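Let's take a friendly walk through a protein model, one contact at a time. Have the sequence and the 3D view ready.

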Amino acid sequence: MQLTVLLIILALLTVIGYQMGRSRAVASVGGRIVELHSVPSYHGFYVALWAGLPALLLFAFWGASEGWLVMQMVLSGLPDRLVNGDAQALGLLRADILNLAHGVATGREPDPEVVAAAERYLRLHALGDWSLLVIGCCIAIGGLLYARGRIDPDLRARNRVERTVNIALVICSLVAILTTIGIVLSLLFEAIRFFAVVNPLDFLFGTHWSPQMAMRADQVGSSGSFGAIPLFAGTLLITGIAMAVAVPVGLMAAIFMSEYASPGLRTWLKPILEVLAGIPTVVYGFFAALTMAPFVRDLGNSLGLSVSSESALAAGFVMGVMIIPFVSSLSDDVINAVPQSLRDGSYGLGATKSETIRLVVLPAALPGIVAAIMLAVSRAIGETMIVTMAAGLTANLTANPLDAVTTVTTQIATLLVGDQEFDSPKTLSAFGLGLVLFVVTLTLNMVALRVVQKYREKYD
Amino acid sequence: MSVAVTKSRYQSEEFSARLRRRYAAERRFRIAGMLAVGIASLMLVVLLGSIVSKGYTAFWQAQIRLEVTLDKQQVEERNYTALVRQALYAQVPAATDRATRRLLNDLLSSGAPYELEAMVNANPSIVGTTQTVWVRADDEIDQFMKGFIRRDVPEAERRLSDVKIAAIDALVAKGSIRSTFNTTLFTAGDSREPEQAGILGAVVGSALTLVVTMLLSVPIGIAAAVYLEEFAPKNRWTDLIEVNINNLAAVPSIIFGLLGLAVFLGFFGLPRSAPLVGGLVMALMTLPVIIIASRVALKAVPPSIREAALGVGASPLQTVTHHVLPLALPGILTGTIIGMARALGETAPLLMIGMVAFIVDIPGGLTDSATAIPVQIYMWADSPERAFTERTSAAILILLAFLILMNGLAVFLRKKFERRW
């Protein structure tokens, strides 16, 4: 509540600051704007920035650290009996305090000390919010008055405002880098914790996957096994099926659309592929699980084959359909990038259209097409919903497309869905798989993008 | 006088055979192309067709008419279940013994007493009178009325017993069962009972998520694109940023989910299942899309505009904000809407951050537990009831309607403001 109030006050103060700065700048030269170093609106922006920016930074900093800070204060006030546990007990205690504070039932009778701590947490939180409101307003008003006092015909307001904006732009463009760093760090950090329990070589080359860990030491099957080879094999099988559908269909569709189809036909065909590309993956997953899989099973059974109801074929086929527009639009780009002069030269020698395409256009476009296929493979490997809904969960090491297989993404999704403790090898193994997935897709993308770029420059 | 006609070698038998073969190859190639396009179109038709044919019935719902006598004492004891059941028994006088009546209880949705209670609460003056109310039928009755449970299969294999079917027949004969537009689907949250389940909670969850996504990714994305396209010096740093953005655009979405789980939930301790976290993750995911689209739009603005602005003394920032950005805005907007549409359909990252949960309440804020439309589809698709299959397809149709709306808007904007220089 207080935070919303603060944001509204800040917004008001910046607007007021803009008006003040503007009118004061005009007044300082008695209306002869020519004598100002910067136009009046820059003076306005200058004051507005001073009013809004420092308080906003404080607000962002507070929002990021408040929960942690308050929790530390609460924990330091608790008796040693509760706090002196290992990291896990401490985490549990934190969760209990938070749950009590937010009125979530914890299911067991809470310790009176913990109840008191929860109340303290709420109190400190409220105190923090109120002090933020007061301090934020003070800083904003102080900044506004300071900047207003500095308004002067010679003030280089434009340069200052533009420098600030420039810095903001740089920070925005760094967000993408930060995201990548965040991905790499979070995957690495959790994966290292996983590899402390499970040998990386066993993980990468083991052939048995059953991530169930026993809760108690004496339980049957107490050690899970984390050999990821069956997952990699399953992923490759489904990706292979998807590519067997998507590459020929997508490529031929691209060739037909760019070389054969009349403009009228193309205006009809292009949207069809675009719609196919725009359908959410969960819809494909539903289609694969409820329409395609039973169809494939019944078809196989009528032919006397035994087909699993979660066959790799159904999931792979639907994934292939999903990737058709991806392959065709990328190939379309590279085919169109082949210069017309190559085609004309071929026609001039008397080649038919298909001969020109097969013997001239496609070889010229080959690097681009290979890159497109690599991007499509990377996309198929990383696709989650179709396989989660339509492929199996048991890790079979098989090359039979009629069997059920599981994939890397399916396992990540099933390992992490639902409530889980954060430091069991079972949960952490998902991050190990995520790391492998990230490295593989990143490599494919990097190589493919490099090839596309190089190739594009060739004909430019 | 006759001229000896010697056939040139261009008219020889071998030549025409070769030519025929080449033309045949040409035709085959062309047909292969048509076939590819045909397969793609066919799959689209099959996909949409199967979903529409499975889903359109979910927009109707069977209701049963009851003549409820709102006995004062029963109302005060909030004994609406008994009231509803008595009214039902009155509708089917043939059922007299306890066993049959117990079966009859299943004809009504378990939510029927609550419907009645809500009606009484809204208008307390009806207590003591007899009212005609239409309450929702149980999902199996609904499926039977729609013909998905067939009466010609043996009773043991049917989900409805003969007794119930007889009761339904009696109700139909009296005109006490009707099929109405299924408003529950649009006004309720999730439920374990198909006839009480609705999509509204998920729609609100998706809307909250998208608002967060938009507020973060649009300004940051446009700012980053402006910097990279207009101000950035050409050096190794900016090259790195560029490569990085292109790669991020191709990172699997589930990886972003892992990032959200480890950083936003694990490190910052934000609440699970919250649209706030979902929005943050989606923002990081759509950011590259928006940056790339915005850069294309900025690139399309001819340099002469910039040169003219700089020539009359505008600063670089003024050039961009006064001239380049307004001209590129339609293109940026189109790219943004398409990015948002993609975020709306995305499921995998939301599974990672716990937005896959059974949530009955409609979320009221950014930190409430919520789901999103695609996640709701995912969860309903797992439910065994036939009625949920139907509702899953209906939810997909609703999701597709939103997507068509957004993409239509993007196309409209492109058509209206597109400018060729």
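## Where the chains touch

Once its neighbours within four places in sequence are left aside, Ile177(A) is in contact with Ile241(B) and Asn244(B). Keep in mind as you look around that this is a predicted model. Ile177(A) sits in helix 6 of chain A, which covers residues 157-197. Is Ile177(A) buried, exposed or partly exposed? It counts as partly exposed, because 15 C-beta neighbours lie inside 10 Å, and a buried residue would need 20 or more.

Now let's turn to a pair of helices. Two packed helices are described by the angle between their axes and the distance between the axes. Here the pair is helix 10 of chain A (residues 281-302) and helix 16 of chain B (residues 373-381), which pack at an angle of about 15° with their axes 9 Å apart. Helix 10 of chain A is therefore roughly parallel to helix 16 of chain B, since angles under 35 degrees count as roughly parallel. The crossing of these two helices is left-handed.

Which residues make the contact between helix 10 of chain A and helix 16 of chain B? The table shows them helix by helix.

| Helix | Residues in the contact |
|---|---|
| Helix 10 of chain A | Val282(A), Phe286(A) and Ala289(A) |
| Helix 16 of chain B | Pro374(B), Ile377(B), Tyr378(B) and Ala381(B) |

Sorted by class, this contact has seven nonpolar residues, no polar ones and no charged ones.

Finally, step back to look at chain B. Its domain assignment gives domain 1 (63-182) and domain 2 (200-417). Taken over C-alpha atoms, the centres of domain 1 and domain 2 of chain B are separated by 46 Å.

Conventions:
Residues numbered from 1 in each chain as written. Chains lettered and ligands numbered in written order. Predicted model: local features only at pLDDT ≥ 70, side-chain atom pairs only at ≥ 80, totals over all residues. Domains from an automatic or database assignment. Axes fitted to C-alpha atoms, helices over the stretch in contact; angles between N-to-C directions. Helix = DSSP H or I, 4+ residues; strand = E, 2+ residues; numbered from the N terminus. Parallel < 35°, antiparallel > 145°, perpendicular 65-115°, else oblique. Left-handed = near helix turned anticlockwise from the far one by under 90°. Contact = placed C-beta atoms within 7 Å. Nonpolar A, V, L, I, M, F, W, Y, C, P; charged D, E, K, R; others polar. Buried ≥ 20, exposed ≤ 12 C-beta atoms within 10 Å, placed from the backbone.
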